[in-house]
Amino acid sequence: MEITMRDVPFTVRVKSYDIGGWKRDGDSYLCAGQGLRVDVKLCRYEGTGAYRQVNTITNIGEQDVLLSGFSSAYINTCRGDVAVGRNRWQAEGQWQFFSYKQCGLVPATIHPWERETYTISSVGSWSTGVFFPLTMMIGEKYTYYMSVEGAHNWQLTHSVMGSMKAPQYTLEGTAAHEENGGWTYLLKPGESYTAQPAVFGCVEGGFEEAAGELVRYYRAVNLAHYPDGHIPVVFNDYMNCLWGDPSDKKLLPLIDAAASVGCEYFCIDAGWHKNIGQSANSGWSSGCGDWIPDNAKFGDKGLKGIFDYMYSRGLKPGVWFELDTVNSNAAAYNLDDDCLLKRYGSVIPRAFFNFSNEKVRRHLHERIDELYSMGVRYIKNDYNQTTGIGCDNDGSSPAEGLVRNYLAFSSFIDEVRADHPDLIIENCGSGACRSDNGSLSHFHLQSTSDQEFYYLYPSVIIGSMAQLAPEKAGIWSYPCPLPYEEIKDFSGSDEWRARFADGEETIFNMVNGMCGVLYQSGRLDYADEYNLGLVRDGVAAYKRMRDDVMRSHPIMPTGMMTLGDTGFAAAGLETEDRSRAYLAVWRVDGEGDSFTVDLKKYGYNKATAWYPESTECELAGGRLTVKLPKKYSARMVLLEK
């Protein structure tokens, strides 16, 4: 499906005004009156109809030009429904759909210069902490989409231009706009500035078809590939498990349990490092920056002994980091006068490392190298706060400083991957608050959420299918959970165990995890043999499908589900050759012990139980019926042609 470009596929603002007078010269556009040239680079990737646009503006005149806006892409669209993805902590992937009228995209006069707009935006380094930087215009036949890439300020604007007689619908994306975080840039004669990339395209169909096209694009630009070509099965001890309080006594039985169910990596989350200059009870964040193992927590052999034990059980060790931040009590806080991000001369609260500083990069490389030498082969990098509008260490506007630090941080992650090709690096940002594709392309996988309740996770999973490739979408599975509020009083009581006697909660968790990258947790060391067996069977089933996951696109036969919705839902992963699909079916506080979903559009004629093997399902006349016996229950079905 070809897309119609605007005559000028960008906007440039000088002194807060959009400037015109552009004349095309090949792939360049000239504005003689301002002494500016814009070069437009469009890339279309094999196997996808998505375009990636990169604009570069050059001052070809003799005077300084103060830019106050420079967009990444600007295209024609159609009239239809606007789709936006709300994306807050523990509530990621919450897509909402509005008619063009609800968004105010209705021409109101006969004057051709009229422009009505609907905008979503983000300010700060949590690029996906409010909205995901992706929007769609879903028309009667076609769907247009656009996304801006990078962990910085951004905005996406739907517009209707012209009069009531001849309205034109457009979509523009930018990471450089004065009204969105105060971006400005002084472009001197002979200098150039390159805007952050945007991706856009058009598909025949709706949201599901656009999501599939985006997944193919995410794969095409991915820089980080799994070392052995397979999605790993990782146990992480944080969510509904140890909650950042590891010790040898707690870890050893968990390591045994993780190994017994077939996990391949074991990541110790927060708490493995020393607190710096504060009391022992001051919390895991006080150790950020120096990253010194707290060996006293881990017995006679220290943290290295725990890693060695993991290897003896067939598990590769991992640890949690928050590479971007540093505690004020850490020695690394004073590495250099310019080692921390600043704004208006003051250190930004929480204290963020300046990744343009070579001392910072060298320090963090040394800490990673040391842990690698101890056996670490997995890093979970978290990011639990935002910088606000940005940083101005180098004298640029704070919004532009944020762009530069994002680029510097990304190059640092690239260096780590190059130095340690067998090291897997996960991206996390209090769940998925920094999960834009520009950031994610440098990491092997991304946490989809910090959602703590398994029955709320399906809404996150379905919504994230348009935002992440499935082989990068880390989804928590935490059967036998230890809730956060019960940390101090947890005993694994008989009453607690009785809750899981029928195995349905465990099955629901495992089905969730199979929809992307299975990310295992929960107090498996307290699980009874029946539930442990369900986890073991789930891991084995996932290993049989994980290569298909890497070659799949999403299907959403029941559409979106949002937090608080009840009833039934289904979503899955279909292989690119469309020969088979793995369909998750959920019952979330719904009435009735079975659910029927219409699958005629996909053309499947055979359905078999995938997980658990006892799943009751039947496909007849293009309609799949699945038995879901409990108020909260889930099943995974294999569909074939």
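**Exercise 1. The barrel**

How many bridges join strand β24 to strand β25, and in which sense do the two strands run?

*Solution.* The model is a predicted one.
- Step 1: locate the strands. β24 covers residues 378–381, and β25 covers residues 424–427.
- Step 2: count. Four bridges join β24 to β25, and the two strands run parallel.
- Step 3: pick one pair. Lys-380 has Glu-426 of β25 as its bridge partner.
- Step 4: place the pair in its sheet. The order is β19-β20-β21-β24-β25-β26-β27-β28, a closed barrel of eight strands with parallel pairing.
- Step 5: add the twist. On average, neighbouring strands of this barrel are turned by 30° against each other, direction ignored.
- Step 6: add a helix. α3 (residues 248–261) packs on the sheet and touches β19 (234–236) and β20 (265–268). The direction of α3 makes about 155° with that of β20.

**Exercise 2. Two helices**

Classify the packing of helix α10 on helix α11 by angle, hand and residue class.

*Solution.*
- Step 1: take the geometry. The axes of α10 (residues 504–514) and α11 (residues 529–549) come within 10 Å and cross at roughly 20°.
- Step 2: classify the angle. Angles under 35 degrees count as roughly parallel, so α10 and α11 are roughly parallel to each other.
- Step 3: assign the hand. The crossing of α10 and α11 is right-handed.
- Step 4: find the contact residues. Those of α10 include Ile-507 and Met-510, and those of α11 include Leu-534, Val-535 and Tyr-542.
- Step 5: sort by class. The contact has nine nonpolar residues, four polar ones and no charged ones.

**Exercise 3. The open sheet**

Which strands are the edges of the sheet β29-β30-β31-β36-β33?

*Solution.*
- Step 1: read the topology. The sheet is open, has five strands and shows antiparallel pairing.
- Step 2: find the ends. β29 (552–555) and β33 (606–611) each pair on one side only, and they are the edge strands.
- Step 3: follow one edge inward. β33 pairs with β36 (residues 632–640) over five bridges, in the antiparallel sense. Ala-609 has Val-637 of β36 as its bridge partner.
- Step 4: add the twist. Neighbouring strands here are turned by 25° against each other on average, direction ignored.
- Step 5: bring back α11. This helix lies across β29, β30 (567–575), β31 (580–588) and β33, and runs at about 130° to β33.

**Exercise 4. Cysteines**

Why is Cys-78 not bonded to Cys-202?

*Solution.*
- Step 1: set the cut-off. A disulfide needs sulfur atoms within 2.5 Å.
- Step 2: compare. The closest cysteine sulfur to that of Cys-78 is in Cys-202, 7.0 Å away, so it is too far for a bond.
- Step 3: test Cys-103. Its nearest cysteine sulfur, that of Cys-78, is 13 Å away, and Cys-103 is in no disulfide.
- Step 4: total. The count is zero disulfides.

Technical notes: Residues are numbered from 1 along each chain as its sequence is written. This is a predicted model: local features need pLDDT of at least 70, side-chain atom pairs count only at pLDDT 80 or more; totals for chains, interfaces and linings use all residues. Side-chain values use heavy atoms; hydrogens and water are left out. Two strands pair if DSSP finds at least two bridges between them. Axes are lines fitted to C-alpha atoms, for helices over the stretch in contact, and angles run from 0 to 180 degrees between N-to-C directions. Contact means heavy atoms within 4.5 Å. Angles under 35 degrees count as roughly parallel, over 145 as roughly antiparallel, 65 to 115 as roughly perpendicular and the rest as oblique. A crossing is left-handed if the near helix is turned anticlockwise from the far one by less than a right angle, and right-handed if clockwise. Ala, Val, Leu, Ile, Met, Phe, Trp, Tyr, Cys and Pro count as nonpolar, Asp, Glu, Lys and Arg as charged, and the others, Gly among them, as polar.
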